[in-house]
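The following exercises concern a single chain and its ligand. Each task is followed by a solution that proceeds step by step.

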Amino acid sequence: MIEESKMKTRAGDTMFGQIGSIIASLMFIWAIFEKFFPFQIRNQAQKHTLRLFSFVYPYIQITFNELIGDRHMSRSEAYTSIQNYLSSKATTQAKRLKGDIGKNNQTLLLTMDDHEEVCDEFNGVKLWWVSGKNVAKSQTLSLHNNLADEKRYYKLTFHKQHRNMVLGTYLNHVMREGKAVMVRNRQRKLYTNSGSFWNHVVFEHPATFESVAMDEELKKRIIDDLVTFSKSREFYARIGRAWKRGYLLFGPPGTGKSTMIAAMANLLGYDLYDLELTAVKDNTELRKLLIETSSKSIIVIEDIDCSLDLTGQRRKKMERAKEDEEEEEEEDQRKKKQSGLKERDVKSSQVTLSGLLNFIDGLWSACGGERLIVFTTNYVEKLDPALVRRGRMDMHIELSYCGFEAFKLLAKNYLKIESHHLFSTISDLLKHSQITPADVAEHFMPKPAFGNNPDLYLKALIQSLEETNFKQNKHASNT
Ligand SMILES: Nc1ncnc2c1ncn2[C@@H]1O[C@H](COP(=O)(O)OP(=O)(O)OP(=O)(O)O)[C@@H](O)[C@H]1O
Ligand SMILES: [Mg+2]
(Lines give C-alpha, C1' and ligand atoms only; values in the text may rest on other atoms or scores of the structure.)
(Ligands and ions follow the chains in the order given, each with its own letter.)
Protein backbone atom coordinates (compact mmCIF):
# COMPACT_ATOMS: atom_id res chain seq x y z
CA MET A 1 0.00 0.00 0.00
CA ILE A 2 2.71 2.40 1.04
CA GLU A 3 4.67 1.50 -2.08
CA GLU A 4 1.58 2.21 -4.25
CA SER A 5 0.97 5.66 -2.78
CA LYS A 6 4.63 6.53 -3.07
CA MET A 7 4.51 5.63 -6.75
CA LYS A 8 1.39 7.86 -7.23
CA THR A 9 3.13 10.81 -5.57
CA ARG A 10 6.16 10.30 -7.75
CA ALA A 11 3.96 10.23 -10.90
CA GLY A 12 2.22 13.48 -9.76
CA ASP A 13 5.58 15.08 -9.09
CA THR A 14 6.79 14.21 -12.57
CA MET A 15 3.63 15.65 -14.13
CA PHE A 16 3.94 18.96 -12.25
CA GLY A 17 7.60 18.98 -13.07
CA GLN A 18 6.82 18.62 -16.76
CA ILE A 19 4.18 21.39 -16.75
CA GLY A 20 6.59 23.61 -14.86
CA SER A 21 9.32 23.03 -17.40
CA ILE A 22 6.90 23.67 -20.33
CA ILE A 23 5.88 27.02 -18.79
CA ALA A 24 9.50 27.89 -18.14
CA SER A 25 10.41 27.07 -21.77
CA LEU A 26 7.47 29.17 -23.10
CA MET A 27 8.52 32.11 -20.95
CA PHE A 28 12.07 31.71 -22.14
CA ILE A 29 10.97 31.66 -25.80
CA TRP A 30 8.76 34.76 -25.23
CA ALA A 31 11.69 36.56 -23.56
CA ILE A 32 13.96 35.73 -26.50
CA PHE A 33 11.19 36.81 -28.92
CA GLU A 34 10.73 40.12 -27.10
CA LYS A 35 14.46 40.71 -26.88
CA PHE A 36 15.64 39.78 -30.34
CA PHE A 37 12.70 40.47 -32.62
CA PRO A 38 12.16 44.08 -33.53
CA PHE A 39 9.08 45.94 -32.31
CA GLN A 40 7.43 45.99 -35.77
CA ILE A 41 7.47 42.20 -36.08
CA ARG A 42 6.08 41.77 -32.61
CA ASN A 43 3.34 44.27 -33.41
CA GLN A 44 2.48 42.43 -36.61
CA ALA A 45 2.27 39.15 -34.75
CA GLN A 46 -0.09 40.70 -32.22
CA LYS A 47 -2.22 42.20 -34.97
CA HIS A 48 -2.57 38.89 -36.76
CA THR A 49 -3.43 37.10 -33.54
CA LEU A 50 -6.19 39.66 -32.85
CA ARG A 51 -7.49 39.34 -36.41
CA LEU A 52 -7.58 35.58 -36.12
CA PHE A 53 -9.32 35.94 -32.78
CA SER A 54 -11.98 38.31 -34.17
CA PHE A 55 -12.57 35.90 -37.04
CA VAL A 56 -13.49 33.13 -34.65
CA TYR A 57 -15.10 35.43 -32.08
CA PRO A 58 -18.08 37.10 -33.77
CA TYR A 59 -18.87 39.61 -31.03
CA ILE A 60 -18.24 43.34 -30.86
CA GLN A 61 -17.39 45.14 -27.64
CA ILE A 62 -17.77 48.82 -26.77
CA THR A 63 -16.29 50.29 -23.64
CA PHE A 64 -17.72 53.35 -21.92
CA ASN A 65 -15.34 54.81 -19.38
CA GLU A 66 -16.55 56.67 -16.34
CA LEU A 67 -13.84 59.28 -16.36
CA ILE A 68 -13.03 61.17 -19.50
CA GLY A 69 -11.21 64.33 -20.49
CA ASP A 70 -7.53 65.26 -20.58
CA ARG A 71 -6.65 64.16 -17.11
CA HIS A 72 -9.59 61.88 -16.52
CA MET A 73 -11.15 64.58 -14.45
CA SER A 74 -14.72 64.76 -15.68
CA ARG A 75 -17.43 62.16 -15.41
CA SER A 76 -18.82 60.91 -18.67
CA GLU A 77 -22.46 61.69 -19.34
CA ALA A 78 -22.80 58.48 -21.33
CA TYR A 79 -21.54 56.45 -18.35
CA THR A 80 -24.10 58.09 -16.03
CA SER A 81 -26.92 57.50 -18.51
CA ILE A 82 -25.94 53.83 -18.86
CA GLN A 83 -25.75 53.47 -15.09
CA ASN A 84 -29.28 54.84 -14.75
CA TYR A 85 -30.53 52.77 -17.66
CA LEU A 86 -29.14 49.58 -16.17
CA SER A 87 -30.30 50.24 -12.62
CA SER A 88 -33.71 48.61 -13.12
CA LYS A 89 -32.18 45.61 -14.90
CA ALA A 90 -29.48 45.29 -12.26
CA THR A 91 -32.03 45.00 -9.46
CA THR A 92 -33.60 41.95 -11.10
CA GLN A 93 -30.50 40.29 -12.56
CA ALA A 94 -27.28 41.14 -10.74
CA LYS A 95 -26.23 39.20 -7.66
CA ARG A 96 -24.11 41.95 -6.19
CA LEU A 97 -25.50 45.46 -6.10
CA LYS A 98 -24.35 48.84 -4.88
CA GLY A 99 -26.80 51.16 -3.18
CA ASP A 100 -26.70 54.91 -2.86
CA ILE A 101 -29.15 57.69 -2.13
CA GLY A 102 -30.43 59.17 -5.38
CA LYS A 103 -30.10 62.80 -6.31
CA ASN A 104 -33.52 63.61 -4.87
CA ASN A 105 -32.27 62.51 -1.43
CA GLN A 106 -35.25 60.22 -1.12
CA THR A 107 -35.08 57.17 -3.32
CA LEU A 108 -32.41 54.53 -3.03
CA LEU A 109 -30.57 54.10 -6.31
CA LEU A 110 -29.29 50.57 -6.89
CA THR A 111 -26.59 49.90 -9.44
CA MET A 112 -24.65 46.77 -10.31
CA ASP A 113 -21.41 46.17 -8.50
CA ASP A 114 -18.05 45.80 -10.28
CA HIS A 115 -17.61 42.75 -12.52
CA GLU A 116 -21.33 42.00 -12.65
CA GLU A 117 -23.12 41.19 -15.87
CA VAL A 118 -26.68 41.89 -16.97
CA CYS A 119 -28.40 40.86 -20.14
CA ASP A 120 -30.63 43.21 -22.12
CA GLU A 121 -32.98 42.53 -24.98
CA PHE A 122 -33.89 45.11 -27.59
CA ASN A 123 -36.08 44.42 -30.64
CA GLY A 124 -35.45 40.71 -30.13
CA VAL A 125 -31.64 41.15 -30.04
CA LYS A 126 -29.64 40.06 -26.99
CA LEU A 127 -26.89 42.25 -25.60
CA TRP A 128 -24.69 42.00 -22.53
CA TRP A 129 -23.47 44.73 -20.24
CA VAL A 130 -20.57 44.12 -17.88
CA SER A 131 -19.38 46.58 -15.27
CA GLY A 132 -15.64 46.60 -14.71
CA LYS A 133 -12.84 48.42 -13.01
CA ASN A 134 -9.19 48.94 -13.89
CA VAL A 135 -6.94 49.63 -10.96
CA ALA A 136 -3.78 51.48 -11.84
CA LYS A 137 -1.24 52.68 -9.32
CA SER A 138 -1.03 56.43 -9.42
CA GLN A 139 2.19 57.63 -11.03
CA THR A 140 2.43 60.74 -8.93
CA LEU A 141 4.12 60.46 -5.61
CA SER A 142 2.13 61.95 -2.84
CA LEU A 143 3.37 62.66 0.63
CA HIS A 144 0.18 61.37 2.17
CA ASN A 145 -0.71 58.28 0.27
CA ASN A 146 -0.08 56.47 -2.92
CA LEU A 147 -3.61 56.33 -4.20
CA ALA A 148 -4.72 53.58 -6.48
CA ASP A 149 -6.71 55.03 -9.37
CA GLU A 150 -9.91 53.16 -9.99
CA LYS A 151 -11.19 53.51 -13.49
CA ARG A 152 -14.66 52.14 -13.89
CA TYR A 153 -16.28 51.29 -17.17
CA TYR A 154 -19.22 49.52 -18.75
CA LYS A 155 -18.58 47.10 -21.56
CA LEU A 156 -21.30 46.28 -24.07
CA THR A 157 -21.04 43.04 -26.04
CA PHE A 158 -23.23 42.12 -29.00
CA HIS A 159 -23.11 40.02 -32.15
CA LYS A 160 -21.50 41.76 -35.10
CA GLN A 161 -24.53 41.19 -37.32
CA HIS A 162 -26.42 43.75 -35.21
CA ARG A 163 -23.76 46.42 -35.47
CA ASN A 164 -25.89 49.03 -37.29
CA MET A 165 -28.91 48.55 -35.10
CA VAL A 166 -26.91 48.80 -31.88
CA LEU A 167 -24.83 51.79 -32.90
CA GLY A 168 -27.90 53.63 -34.12
CA THR A 169 -31.18 52.85 -32.43
CA TYR A 170 -30.12 50.90 -29.37
CA LEU A 171 -27.51 53.29 -28.00
CA ASN A 172 -29.84 56.24 -28.61
CA HIS A 173 -32.52 54.38 -26.72
CA VAL A 174 -30.14 53.71 -23.80
CA MET A 175 -29.09 57.37 -23.58
CA ARG A 176 -32.66 58.64 -23.75
CA GLU A 177 -34.03 56.17 -21.21
CA GLY A 178 -31.07 56.75 -18.89
CA LYS A 179 -31.69 60.48 -18.93
CA ALA A 180 -35.39 59.93 -18.28
CA VAL A 181 -34.56 57.85 -15.19
CA MET A 182 -32.20 60.58 -14.04
CA VAL A 183 -34.92 63.20 -14.43
CA ARG A 184 -37.36 61.03 -12.47
CA ASN A 185 -34.87 60.61 -9.65
CA ARG A 186 -33.55 64.13 -9.49
CA GLN A 187 -34.42 66.54 -6.76
CA ARG A 188 -36.70 69.19 -8.14
CA LYS A 189 -36.33 72.84 -7.27
CA LEU A 190 -38.45 75.89 -6.80
CA TYR A 191 -36.67 79.01 -8.03
CA THR A 192 -37.59 82.54 -7.10
CA ASN A 193 -35.89 85.65 -8.38
CA SER A 194 -34.55 88.44 -6.26
CA GLY A 195 -33.48 91.04 -8.77
CA SER A 196 -31.52 89.33 -11.50
CA PHE A 197 -30.64 86.19 -9.55
CA TRP A 198 -32.49 82.97 -9.03
CA ASN A 199 -32.54 81.49 -5.53
CA HIS A 200 -33.77 77.99 -5.09
CA VAL A 201 -35.25 75.72 -2.48
CA VAL A 202 -36.23 72.08 -2.77
CA PHE A 203 -39.63 71.73 -4.39
CA GLU A 204 -41.81 69.35 -2.42
CA HIS A 205 -45.37 70.51 -2.98
CA PRO A 206 -47.74 67.56 -2.47
CA ALA A 207 -50.42 68.73 -4.94
CA THR A 208 -51.41 66.34 -7.71
CA PHE A 209 -54.18 66.46 -10.26
CA GLU A 210 -56.14 64.02 -8.14
CA SER A 211 -56.28 66.62 -5.38
CA VAL A 212 -57.32 69.53 -7.60
CA ALA A 213 -61.10 69.89 -7.47
CA MET A 214 -62.46 71.04 -10.81
CA ASP A 215 -64.48 69.98 -13.81
CA GLU A 216 -63.31 66.43 -14.58
CA GLU A 217 -63.49 66.83 -18.34
CA LEU A 218 -61.39 69.99 -18.28
CA LYS A 219 -58.92 68.32 -15.95
CA LYS A 220 -58.52 65.41 -18.35
CA ARG A 221 -58.02 67.80 -21.25
CA ILE A 222 -55.26 69.62 -19.38
CA ILE A 223 -53.49 66.40 -18.40
CA ASP A 224 -53.65 65.10 -21.99
CA ASP A 225 -52.34 68.40 -23.28
CA LEU A 226 -49.40 68.40 -20.85
CA VAL A 227 -48.46 64.79 -21.49
CA THR A 228 -48.67 65.23 -25.26
CA PHE A 229 -46.51 68.33 -25.03
CA SER A 230 -43.85 66.60 -22.97
CA LYS A 231 -43.57 63.83 -25.54
CA SER A 232 -43.45 66.04 -28.63
CA ARG A 233 -39.74 66.69 -28.97
CA GLU A 234 -39.62 65.38 -32.55
CA PHE A 235 -42.75 67.28 -33.56
CA TYR A 236 -41.43 70.66 -32.42
CA ALA A 237 -38.03 69.97 -34.00
CA ARG A 238 -39.66 69.00 -37.30
CA ILE A 239 -41.84 72.08 -37.61
CA GLY A 240 -39.01 74.32 -36.40
CA ARG A 241 -40.73 75.83 -33.39
CA ALA A 242 -39.46 76.39 -29.88
CA TRP A 243 -40.54 73.51 -27.62
CA LYS A 244 -42.74 75.57 -25.35
CA ARG A 245 -46.36 75.93 -24.41
CA GLY A 246 -48.22 78.73 -22.68
CA TYR A 247 -51.10 78.43 -20.26
CA LEU A 248 -53.24 81.20 -18.88
CA LEU A 249 -55.00 80.30 -15.65
CA PHE A 250 -57.70 82.68 -14.58
CA GLY A 251 -60.37 82.78 -11.94
CA PRO A 252 -61.22 84.32 -8.57
CA PRO A 253 -58.77 84.00 -5.64
CA GLY A 254 -58.83 80.58 -3.99
CA THR A 255 -59.98 78.55 -6.96
CA GLY A 256 -56.81 76.52 -7.23
CA LYS A 257 -54.59 78.29 -9.76
CA SER A 258 -51.39 78.00 -7.75
CA THR A 259 -52.33 74.48 -6.67
CA MET A 260 -52.75 73.47 -10.29
CA ILE A 261 -49.31 74.82 -11.22
CA ALA A 262 -47.76 72.64 -8.50
CA ALA A 263 -49.76 69.67 -9.80
CA MET A 264 -48.45 70.36 -13.32
CA ALA A 265 -44.86 70.38 -12.05
CA ASN A 266 -45.44 67.14 -10.17
CA LEU A 267 -47.08 65.47 -13.14
CA LEU A 268 -44.23 66.19 -15.52
CA GLY A 269 -41.36 66.24 -13.02
CA TYR A 270 -40.38 69.80 -13.96
CA ASP A 271 -38.67 72.51 -11.94
CA LEU A 272 -40.66 75.63 -11.08
CA TYR A 273 -39.44 79.18 -11.69
CA ASP A 274 -41.63 81.70 -9.92
CA LEU A 275 -40.84 84.92 -11.74
CA GLU A 276 -41.62 88.07 -9.76
CA LEU A 277 -41.70 90.71 -12.45
CA THR A 278 -41.87 93.66 -10.09
CA ALA A 279 -38.39 92.72 -8.85
CA VAL A 280 -36.91 92.76 -12.37
CA LYS A 281 -35.29 96.05 -13.24
CA ASP A 282 -35.35 96.06 -17.01
CA ASN A 283 -35.51 93.92 -20.14
CA THR A 284 -31.81 93.03 -19.95
CA GLU A 285 -32.32 91.57 -16.51
CA LEU A 286 -35.41 89.75 -17.70
CA ARG A 287 -33.50 88.24 -20.60
CA LYS A 288 -30.73 87.08 -18.26
CA LEU A 289 -33.25 85.42 -15.95
CA LEU A 290 -35.06 83.69 -18.77
CA ILE A 291 -31.86 82.37 -20.33
CA GLU A 292 -30.81 80.92 -17.00
CA THR A 293 -33.90 78.75 -16.68
CA SER A 294 -33.15 75.11 -17.27
CA SER A 295 -35.01 72.85 -19.63
CA LYS A 296 -37.89 70.81 -18.20
CA SER A 297 -39.21 73.74 -16.28
CA ILE A 298 -42.33 75.78 -15.72
CA ILE A 299 -41.95 79.53 -15.61
CA VAL A 300 -44.74 81.06 -13.60
CA ILE A 301 -45.80 84.68 -13.60
CA GLU A 302 -48.51 85.07 -11.00
CA ASP A 303 -51.08 87.87 -11.02
CA ILE A 304 -50.02 89.17 -14.39
CA ASP A 305 -52.62 91.95 -14.18
CA CYS A 306 -50.67 93.48 -11.31
CA SER A 307 -47.43 93.37 -13.25
CA LEU A 308 -47.45 96.93 -14.43
CA ASP A 309 -47.46 97.83 -18.08
CA LEU A 310 -47.81 94.23 -19.09
CA THR A 311 -51.48 94.97 -19.07
CA GLY A 312 -50.98 97.69 -21.62
CA GLN A 313 -52.31 100.28 -19.21
CA ARG A 314 -49.35 102.53 -19.76
CA ARG A 315 -49.70 102.32 -23.51
CA LYS A 316 -53.34 103.25 -23.37
CA LYS A 317 -52.50 106.11 -21.08
CA MET A 318 -50.05 107.57 -23.58
CA GLU A 319 -52.68 107.53 -26.25
CA ARG A 320 -55.02 109.59 -24.22
CA ALA A 321 -55.25 113.36 -24.41
CA LYS A 322 -52.97 115.31 -22.13
CA GLU A 323 -55.74 116.89 -20.12
CA ASP A 324 -56.81 113.45 -18.95
CA GLU A 325 -53.40 112.68 -17.58
CA GLU A 326 -53.83 113.89 -14.05
CA GLU A 327 -57.10 112.12 -13.67
CA GLU A 328 -55.53 108.97 -15.05
CA GLU A 329 -52.61 109.22 -12.65
CA GLU A 330 -55.00 109.23 -9.72
CA GLU A 331 -56.87 106.30 -11.13
CA ASP A 332 -53.60 104.43 -11.56
CA GLN A 333 -52.57 105.10 -8.00
CA ARG A 334 -55.88 103.78 -6.78
CA LYS A 335 -55.54 100.61 -8.84
CA LYS A 336 -52.01 100.00 -7.67
CA LYS A 337 -53.09 100.37 -4.08
CA GLN A 338 -55.87 97.91 -4.67
CA SER A 339 -53.58 95.34 -6.18
CA GLY A 340 -51.16 95.74 -3.30
CA LEU A 341 -48.32 97.20 -5.36
CA LYS A 342 -46.05 99.79 -3.88
CA GLU A 343 -45.25 102.93 -5.84
CA ARG A 344 -41.52 102.16 -5.51
CA ASP A 345 -41.97 98.89 -7.38
CA VAL A 346 -43.82 100.56 -10.20
CA LYS A 347 -41.16 103.15 -10.75
CA SER A 348 -38.19 100.86 -10.55
CA SER A 349 -39.58 98.22 -12.86
CA GLN A 350 -39.24 98.86 -16.55
CA VAL A 351 -40.07 95.51 -17.96
CA THR A 352 -42.27 95.99 -20.96
CA LEU A 353 -44.94 93.91 -22.50
CA SER A 354 -43.14 93.75 -25.81
CA GLY A 355 -39.91 92.71 -24.05
CA LEU A 356 -41.55 89.78 -22.38
CA LEU A 357 -43.39 88.66 -25.50
CA ASN A 358 -40.27 88.85 -27.63
CA PHE A 359 -38.34 86.71 -25.20
CA ILE A 360 -41.07 84.15 -24.97
CA ASP A 361 -41.40 83.95 -28.74
CA GLY A 362 -37.82 84.22 -29.85
CA LEU A 363 -35.32 83.47 -27.16
CA TRP A 364 -36.32 79.95 -26.29
CA SER A 365 -36.25 78.84 -29.91
CA ALA A 366 -32.50 79.01 -29.47
CA CYS A 367 -32.39 77.05 -26.22
CA GLY A 368 -33.06 73.35 -26.37
CA GLY A 369 -35.40 71.65 -23.95
CA GLU A 370 -39.00 72.00 -23.10
CA ARG A 371 -40.54 74.82 -21.15
CA LEU A 372 -44.00 75.73 -20.01
CA ILE A 373 -44.95 79.26 -19.22
CA VAL A 374 -47.94 79.81 -16.99
CA PHE A 375 -49.62 83.13 -16.30
CA THR A 376 -52.24 83.54 -13.63
CA THR A 377 -54.70 86.33 -13.10
CA ASN A 378 -57.84 87.08 -11.18
CA TYR A 379 -59.05 89.50 -13.86
CA VAL A 380 -58.73 88.09 -17.35
CA GLU A 381 -60.66 90.98 -18.84
CA LYS A 382 -57.95 93.42 -17.78
CA LEU A 383 -55.24 91.80 -19.87
CA ASP A 384 -53.96 93.16 -23.12
CA PRO A 385 -55.32 90.96 -25.93
CA ALA A 386 -51.83 90.82 -27.49
CA LEU A 387 -50.54 89.02 -24.45
CA VAL A 388 -53.17 86.38 -24.35
CA ARG A 389 -53.87 85.68 -28.00
CA ARG A 390 -53.63 82.02 -28.99
CA GLY A 391 -50.16 81.00 -30.02
CA ARG A 392 -48.67 82.94 -27.17
CA MET A 393 -50.95 81.42 -24.61
CA ASP A 394 -51.94 78.11 -26.09
CA MET A 395 -54.52 77.16 -23.54
CA HIS A 396 -56.85 79.39 -21.55
CA ILE A 397 -58.06 77.64 -18.41
CA GLU A 398 -60.79 79.05 -16.26
CA LEU A 399 -60.91 77.93 -12.66
CA SER A 400 -64.16 78.86 -11.12
CA TYR A 401 -66.29 78.64 -8.02
CA CYS A 402 -66.90 75.27 -6.48
CA GLY A 403 -69.46 73.16 -8.29
CA PHE A 404 -70.97 69.91 -7.02
CA GLU A 405 -68.39 67.77 -8.82
CA ALA A 406 -65.51 69.70 -7.27
CA PHE A 407 -67.22 69.53 -3.87
CA LYS A 408 -67.49 65.74 -4.12
CA LEU A 409 -63.78 65.43 -4.81
CA LEU A 410 -62.94 67.63 -1.83
CA ALA A 411 -65.27 65.59 0.40
CA LYS A 412 -63.61 62.41 -0.82
CA ASN A 413 -60.09 63.74 -0.23
CA TYR A 414 -60.68 65.55 3.04
CA LEU A 415 -63.50 63.60 4.73
CA LYS A 416 -63.03 60.24 2.99
CA ILE A 417 -66.71 60.03 2.00
CA GLU A 418 -68.11 59.45 -1.48
CA SER A 419 -71.80 59.77 -0.72
CA HIS A 420 -73.91 61.14 2.10
CA HIS A 421 -77.56 62.04 2.64
CA LEU A 422 -76.62 65.75 2.97
CA PHE A 423 -75.02 65.81 -0.51
CA SER A 424 -78.28 66.65 -2.30
CA THR A 425 -78.89 69.68 -0.04
CA ILE A 426 -75.35 70.87 -0.73
CA SER A 427 -75.76 70.29 -4.46
CA ASP A 428 -78.82 72.60 -4.47
CA LEU A 429 -77.08 75.27 -2.41
CA LEU A 430 -73.97 75.25 -4.61
CA LYS A 431 -76.10 76.07 -7.65
CA HIS A 432 -76.96 79.44 -6.16
CA SER A 433 -73.81 80.41 -4.31
CA GLN A 434 -70.34 81.50 -5.13
CA ILE A 435 -68.04 79.68 -2.79
CA THR A 436 -64.44 78.89 -3.74
CA PRO A 437 -62.85 75.44 -3.41
CA ALA A 438 -60.44 77.06 -0.93
CA ASP A 439 -63.42 77.97 1.31
CA VAL A 440 -64.88 74.48 1.09
CA ALA A 441 -61.45 72.99 1.86
CA GLU A 442 -61.17 75.29 4.86
CA HIS A 443 -64.46 73.91 6.22
CA PHE A 444 -63.10 70.39 5.88
CA MET A 445 -59.87 71.01 7.76
CA PRO A 446 -59.71 68.79 10.87
CA LYS A 447 -61.35 70.35 13.91
CA PRO A 448 -61.05 68.78 17.38
CA ALA A 449 -64.70 69.58 18.18
CA PHE A 450 -65.91 67.70 15.08
CA GLY A 451 -63.62 64.69 15.45
CA ASN A 452 -64.04 62.26 12.56
CA ASN A 453 -67.75 62.84 12.12
CA PRO A 454 -68.45 63.94 8.51
CA ASP A 455 -72.02 65.01 9.45
CA LEU A 456 -70.68 67.89 11.51
CA TYR A 457 -68.33 69.13 8.79
CA LEU A 458 -71.08 68.97 6.18
CA LYS A 459 -73.61 70.73 8.41
CA ALA A 460 -71.14 73.54 9.09
CA LEU A 461 -70.64 73.90 5.35
CA ILE A 462 -74.40 73.99 4.74
CA GLN A 463 -74.81 76.70 7.34
CA SER A 464 -72.08 78.77 5.77
CA LEU A 465 -73.56 78.27 2.28
CA GLU A 466 -76.97 79.41 3.49
CA GLU A 467 -75.44 82.50 5.01
CA THR A 468 -73.54 83.44 1.85
CA ASN A 469 -76.65 82.81 -0.26
CA PHE A 470 -78.63 85.07 2.00
CA LYS A 471 -75.98 87.80 1.76
CA GLN A 472 -75.67 87.47 -2.01
CA ASN A 473 -79.45 87.68 -2.46
CA LYS A 474 -79.63 90.72 -0.23
CA HIS A 475 -76.84 92.40 -2.14
CA ALA A 476 -78.54 91.61 -5.46
CA SER A 477 -81.86 93.02 -4.33
CA ASN A 478 -80.16 96.21 -3.06
CA THR A 479 -78.44 96.90 -6.39
N1 LIG B 1 -59.62 73.52 -7.00
C2 LIG B 1 -59.08 73.21 -5.82
N3 LIG B 1 -58.92 71.93 -5.47
C4 LIG B 1 -58.38 71.60 -4.29
N5 LIG B 1 -57.97 72.49 -3.38
C6 LIG B 1 -58.11 73.78 -3.67
C7 LIG B 1 -58.68 74.20 -4.90
N8 LIG B 1 -58.70 75.54 -4.92
C9 LIG B 1 -58.17 75.93 -3.77
N10 LIG B 1 -57.82 74.90 -3.01
C11 LIG B 1 -57.23 74.98 -1.67
O12 LIG B 1 -57.17 76.34 -1.31
C13 LIG B 1 -55.86 76.81 -1.10
C14 LIG B 1 -55.61 78.07 -1.91
O15 LIG B 1 -55.66 77.78 -3.29
P16 LIG B 1 -54.68 78.40 -4.38
O17 LIG B 1 -53.56 79.10 -3.72
O18 LIG B 1 -54.35 77.38 -5.37
O19 LIG B 1 -55.65 79.47 -5.02
P20 LIG B 1 -55.34 80.52 -6.17
O21 LIG B 1 -56.37 80.32 -7.22
O22 LIG B 1 -53.94 80.42 -6.57
O23 LIG B 1 -55.62 81.88 -5.44
P24 LIG B 1 -54.97 83.32 -5.75
O25 LIG B 1 -55.66 83.85 -6.94
O26 LIG B 1 -55.29 84.09 -4.53
O27 LIG B 1 -53.52 83.12 -5.94
C28 LIG B 1 -54.95 75.70 -1.52
O29 LIG B 1 -53.99 75.48 -0.55
C30 LIG B 1 -55.82 74.48 -1.69
O31 LIG B 1 -55.65 73.64 -0.61
MG1 LIG C 1 -52.29 81.73 -6.39
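**Exercise 1: The chain as a whole**

Task: state what share of the chain's residues count as buried, and describe its secondary structure and contacts.

Solution. The model is a predicted one. Of the chain's 479 residues, 22% count as buried. Its secondary structure comprises 17 helices and 15 strands. Considering contacts between residues at least 6 apart in sequence, 72% join residues at least 24 apart.

**Exercise 2: The surroundings of ligand 1**

Task: determine which residues come nearest to ligand 1, and where ligand 1 lies with respect to the domains.

Solution. Step one is to list the shell: 15 residues surround ligand 1, and those that come nearest are Pro-253, Gly-256, Ser-258, Pro-437 and Ala-438. Two elements, α7 (257-268) and α16 (437-443), each give two or more residues to this shell. Step two is to sort the shell by class, which yields 7 nonpolar, 7 polar and 1 charged residues. Step three is the placement: both domain 2 (189-320 + 327-398) and domain 3 (404-478) give residues to the shell, and ligand 1 therefore lies between them.

**Exercise 3: The nonpolar cores**

Task: identify the residues with the most contacts inside the largest nonpolar core, and locate this core relative to the domains.

Solution. The largest nonpolar core contains 52 residues, and Leu-249, Ile-261, Met-264, Ile-298, Val-300, Val-374 and Phe-407 have the most contacts inside it. Helix α7 supplies the largest share, 6 residues. Because domain 2 (189-320 + 327-398) and domain 3 (404-478) both give residues to this core, it lies between them. Leaving aside residues up to four places away in sequence, Leu-249 touches Lys-257, Met-260, Val-374, Thr-376, Ile-397 and Leu-399. A second, separate core has 10 residues, among them Phe-64, Tyr-85, Ala-90 and Val-174.

**Exercise 4: Classifying Met-182**

Task: decide whether Met-182 counts as buried, partly exposed or exposed.

Solution. Met-182 belongs to helix α4 (residues 163-185). The cut-off for a buried residue is 20 or more other C-beta atoms within 10 Å. Met-182 has 19 C-beta neighbours inside 10 Å, so it counts as partly exposed. Gln-83, 99 residues from Met-182 in sequence, lies 9.7 Å from it in space, C-alpha to C-alpha.

**Exercise 5: The pairing of β9**

Task: establish which strands β9 is joined to, and how they run.

Solution. Strand β9 (residues 189-194) is joined to strand β10 (residues 197-202) by 6 bridges, and the two run antiparallel. Trp-198 in β10 is the bridge partner of Asn-193. Their hairpin has 2 residues between the strands, and Gly-195 takes a positive phi near 65° there. With strand β12 (residues 271-274), β9 runs parallel, joined by 3 bridges; here Leu-190 has Leu-272 as its bridge partner.

Terms used. Residues numbered from 1 in each chain as written. Chains lettered and ligands numbered in written order. Predicted model: local features only at pLDDT ≥ 70, side-chain atom pairs only at ≥ 80, totals over all residues. Helix = DSSP H or I, 4+ residues; strand = E, 2+ residues; numbered from the N terminus. Buried ≥ 20, exposed ≤ 12 C-beta atoms within 10 Å, placed from the backbone. Contact = placed C-beta atoms within 7 Å. Near = placed C-beta within 6 Å. Nonpolar A, V, L, I, M, F, W, Y, C, P; charged D, E, K, R; others polar. Domains from an automatic or database assignment. Core = buried A, V, L, I, M, F, W, Y, C linked by C-beta atoms within 7 Å. Pairing = 2+ DSSP bridges.
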